[in-house]
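Hi everyone, thanks for making time this morning. I'd like to walk you through one model, so please have a look at it first.

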Amino acid sequence: MKRTFALISLCLVTLLLLTACRGEERNIRGDAKPVIYLYSEEEMEVAVRLDYDGDLTCTYPAYDGGWTVTAQPGGILTDAEGRTYNYLYWEGVTSTEYDFSQGFCVPGEDTAAFLEDALARLGLTRREANEFIVYWLPRMEPNPYNLIAFQAAAYTDHARLTITPEPDSLLRVFMAWQPLDAQEDIPAQDLPAFDRAGFTVVEWGGAEVVSGKK
């Protein structure tokens, strides 16, 4: 009898631990493919540091306390070994809660058209928007609906960039989104315009939030 009771207790404790672990997993956000473009007016060395409230899971080129590259006016980046890149790339996981107080509920089949319009309004070039859409569209288009909210401080306060020399203009576009089975009402989000001037840094990225609307 005592042995049976001990086994039952062990099973209950194990179940509680597994439930707790699953609950923690639901709060983890995967920040996918933030990429950073550096557009200088003349060839110059640029140092970029990311202070991230989470764990980096992948970077390219390798992030070793920061990136230092030579930036060209056309946006090509060159590292100390002479290798060239179109942008700096990173991914990570975080428990940051994203803001869905405003946004858009978009039918999956309309995702491409919505993103083309929204990204142009936010200030991405056609090339930047194309790379954004190609990455995210396969994950979003098959869903009945997608709840989309472009993040401001909820993202930038938890993924802080220090860039030397300091850019004249900085655009950080980060899309948090959730797949939905049915349409939801949400106040429409204002999408501010962006003016490029001088040394310009542009970043885009996103996160699929699967734990429910916050």
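**Aromatic pairs, a sheet and a pocket**

Let me start with Trp136, which is buried, its relative accessible area being 0%; buried means under 20% relative accessible area, exposed over 50% and partly exposed in between, with a 1.4 Å probe and protein chains only. A word on the source: this is a predicted model, where local features need pLDDT of at least 70, side-chain atom pairs count only at pLDDT 80 or more, and totals for chains, interfaces and linings use all residues. Residues are numbered from 1 along each chain as its sequence is written, and side-chain values use heavy atoms, with hydrogens and water left out.

So which residue pairs with Trp136? Trp177 does, in an edge-to-face pair with 6.2 Å centre to centre and 80° between the planes. Here, rings of Phe, Tyr and Trp (its six-membered ring) pair if their centres lie within 6.5 Å; planes under 30 degrees apart count as stacked, over 60 as edge-to-face and the rest as tilted. The pair links distant parts of the chain, with Trp136 in helix 3 (residues 126-140) and Trp177 in strand 11, 41 residues apart. Helices (H or I, at least four residues) and strands (E, at least two) are DSSP runs, numbered from the N terminus. Trp177 is buried too, at 0%. Both tryptophans belong to one aromatic cluster with Phe132, Tyr135 and Trp204.

In the whole structure, the search finds 12 aromatic pairs. Another one is Tyr52 with Trp90, edge-to-face, at 4.9 Å centre to centre and 65° between the planes. Tyr52 sits in strand 2 (residues 44-52) and Trp90 in strand 7 (residues 88-94), 38 residues apart. Tyr52 counts as buried at 10% relative accessibility, and Trp90 at 0%.

Strand 2 takes us to the sheet. It is open, with 5 strands in the order 6-5-4-2-10 and antiparallel pairing; two strands pair if DSSP finds at least two bridges between them. Strand 6 (84-85) and strand 10 (159-164) stand at the edges with a single partner strand each, so one side of each has no neighbour in the sheet. Between strand 4 (residues 67-71) and strand 5 (residues 77-78) there are 2 bridges, and Thr70 has Thr78 as its bridge partner in strand 5.

Last, back to strand 11: it gives the largest share of the lining of the largest pocket, 4 residues. For the term, on a 1 Å grid over the protein atoms alone, a pocket is an open set of points where a 1.4 Å probe fits, with protein on both sides within 12 Å along at least five of seven lines, and lining residues have an atom within 4 Å of a point. Thanks, and I'm happy to discuss!
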